[in-house]
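Thanks for coming. I will go through one structure, starting from a single residue and then turning to one of the chains.

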Amino acid sequence: MSAADKHGHEREHAHGHGHKHGGDGHTHKAAPMVEEITDYEVLEIAVRELAIEHGLFTAEDHRKFTEWAEAVGPAAGSRLVAKAWTDPAFKARLLKDGTEACKEVGIDWAEPTGFGTPSDYTNFRVLEDTPTLHHVIVCTLCSCYPRPLLGMSPEWYRSTNYRRRLVRWPREVLAEFGLILPPEVEIRIEDSNQKCRFMVMPVRPQGTDNWSEEKLAAIVTRDCMIGVALPRPGRTTDIHPVHKARRPVQSAAQHARAAE
Amino acid sequence: MSAKRTIDVGPVALLEAIQHQGKEWDVIAPRYGVTNPNPPWKSSLTGTCECLSVGGTLPALERRKAEDVLADSIYREVPAPERDLLALAHILLRRGLVTESDLAERMHTVRSRLQAG
């Protein structure tokens with residue numbers, strides 16, 4: 001198999017030859033790897049090395065933050081919701097003090113520095129959906145996101161398309177994700193910022209009685225906690241069709257280019 | 001707030017050359033049958049951005065604002081995360097934290113090191 005270290009180096013792994021080895025004589029077929037070094041890879045290393053040499057940060061700091069970035073993912077948020085669904089007392093604590101309740105599922109918002117990253121140590125609030133109220137999170141200003149719980153934000157969440165349009169045409173944008181809500185359901189958009197982070201706690205779907213926390217967590221995907229999807233039995237991934245925007249937003253620059 | 005600082009979107013020759021090579025991950029990964037959705041350097045780039053923000057050199061909000069401006073102008077044809085990398089380098093160059101000649105020289109050194117042996 002191929003592997004790449006955190007500095008972006010493609011390197012051979014000890015198992016990368018398709019030969020037999022070890023006590024059990026097992027055989028691995030080498031996984032494909034990119035057999036070239038691109039200037040992007042080189043640029044990333046060069047920028048980092050120069051920044052370290054100029055004293056902007058240390059290699060140890062970089063290792064720590066990179067490790068954190070690789071470790072976070074949406075599983076923690078899924079566990080959080082599943083626990084709240086099955087434990088009313090925990091749910092009450094979660095809604096009262098999100099950051100404190102997160103520690104019960106092993107998430108400390110102060111990591112990795114002891115005071116959090118500048119964009120992550122925040123007032124964290126869980127938004128509870130009801131049958132008649134649906135929440136969606138966005139960051140219209142940039143890309144604030146509850147990373148300790150959901151990991152790194154998906155690219156579309158950072159796009160100006162999502163950020164600008166969701167607050168204006170929420171039903172249409174949700175429909176582009178395949179989520180069509182009846183008119184009687186109120187949609188509330190919560191705009192994240194540097195001080196406040198939000199996560200959606202969807203309504204526990206029907207057909208999940210007596211499910212274990214683990215089984216419930218599997219259907220609470222990242223998109224459900226952003227609010228662009230609803231959990232349901234059998235849906236355990238966020239792969240969804242991409243629907244063409246009905247009201248695409250054009251920036252001033254795009255308008256200018258179109259006029260050329 | 002420093003986030004209001006503007007960014008010069010004039011092209012940087014070194015970065016402009018990189019963006020026109022057609023070596024973005026979504027182009028080269030399928031060529032080699034690699035299904036990993038992100039290039040191996042992406043998490044390291046995130047680490048660099050976090051470090052610059054924690055140290056106060058380049059606050060996250062300021063970087064994101066500049067990224068938006070650059071993504072809507074000279075790097076509009078470049079997909080993420082390559083666009084984010086070009087934007088970070090662009091910002092550091094424009095702010096004088098790194099010079100273009102130093103960056104070019106270091107890239108040469110890094111490439112030599114990666115290709116050694």
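**A residue, a chain and two helices**

Tyr162(A) lies in helix H8 of chain A, which covers residues 160-166. Before going further, please keep in mind that this is a predicted model. Is Tyr162(A) buried or exposed? Tyr162(A) has 25 other C-beta atoms within 10 Å, and 20 or more is the cut-off for buried, so Tyr162(A) counts as buried. If we set aside its neighbours within four places in sequence, the contacts of Tyr162(A) are Val138(A), Trp156(A), Tyr157(A) and Val173(A). For one of these, Val173(A), the C-alpha atom is 7.6 Å from that of Tyr162(A), with the two positions 11 residues apart along the chain.

Now to chain B. Chain B has six helices and zero strands, so from the N terminus the order of elements is α-α-α-α-α-α. The radius of gyration of chain B is 15 Å, and the globule rule gives 13 Å for 117 residues; the two are close, so chain B is as compact as a globular protein of that length. The C-alpha trace of chain B spans about 45 × 25 × 25 Å along its principal axes. Of its 117 residues, 45% count as buried. As for contacts in chain B between residues at least 6 apart in sequence, 69% of them join residues at least 24 apart.

Next, the contact between the chains. How many residues does each chain bring to it? Chain B brings 48 residues and chain A brings 47 residues. On the side of chain B that touches chain A, at least two residues come from each of helix H2 (25-31), helix H3 (42-54), helix H4 (60-71), helix H5 (82-94) and helix H6 (100-115) of chain B. Which of them gives the most? That is H3(B), with 11 residues. Sorted by class, this side of chain B has 26 nonpolar, 12 polar and 10 charged residues.

Let me stay with H3(B). H3(B) has 13 residues, and from first C-alpha to last it reaches 18 Å, close to the 18 Å expected at 1.5 Å a residue. H3(B) is mostly covered, with 12 of its 13 residues buried. The buried ones include Lys42(B) and Glu50(B), as well as Leu45(B), Cys49(B), Cys51(B), Leu52(B) and Val54(B). What do the buried residues of H3(B) pack against? Their partners are H1 and helix H2 (59-71) of chain A, together with H4 and H5 of chain B. After H3(B) comes Gly56(B), with a positive phi near 85°.

The other helix to look at is H5(B). H5(B) also has 13 residues, and its reach from first C-alpha to last is 18 Å, close to the expected 18 Å at 1.5 Å a residue. Of the 13 residues of H5(B), 11 are buried, so this helix is largely enclosed by the rest of the structure. Among the buried residues are Glu82(B), Arg83(B), Asp84(B) and His90(B), along with Leu85(B), Leu86(B) and Ile91(B). The cover over the buried residues of H5(B) includes helix H1 (39-53) of chain A, and from chain B it includes helix H1 (13-19), H2, H3, H4 and H6. H5(B) is followed by Gly96(B), and the phi of Gly96(B) is positive, near 75°.

To recap the two helices: H3(B) has 12 of 13 residues buried, and H5(B) has 11 of 13. The cover of both draws on chain A as well as on chain B.

Definitions and conventions:
Residues numbered from 1 in each chain as written. Chains lettered and ligands numbered in written order. Predicted model: local features only at pLDDT ≥ 70, side-chain atom pairs only at ≥ 80, totals over all residues. Contact = placed C-beta atoms within 7 Å. Helix = DSSP H or I, 4+ residues; strand = E, 2+ residues; numbered from the N terminus. Nonpolar A, V, L, I, M, F, W, Y, C, P; charged D, E, K, R; others polar. Rg over C-alpha atoms; globule rule 2.2 N^0.38 Å. Expected span 1.5 Å × (residues − 1).
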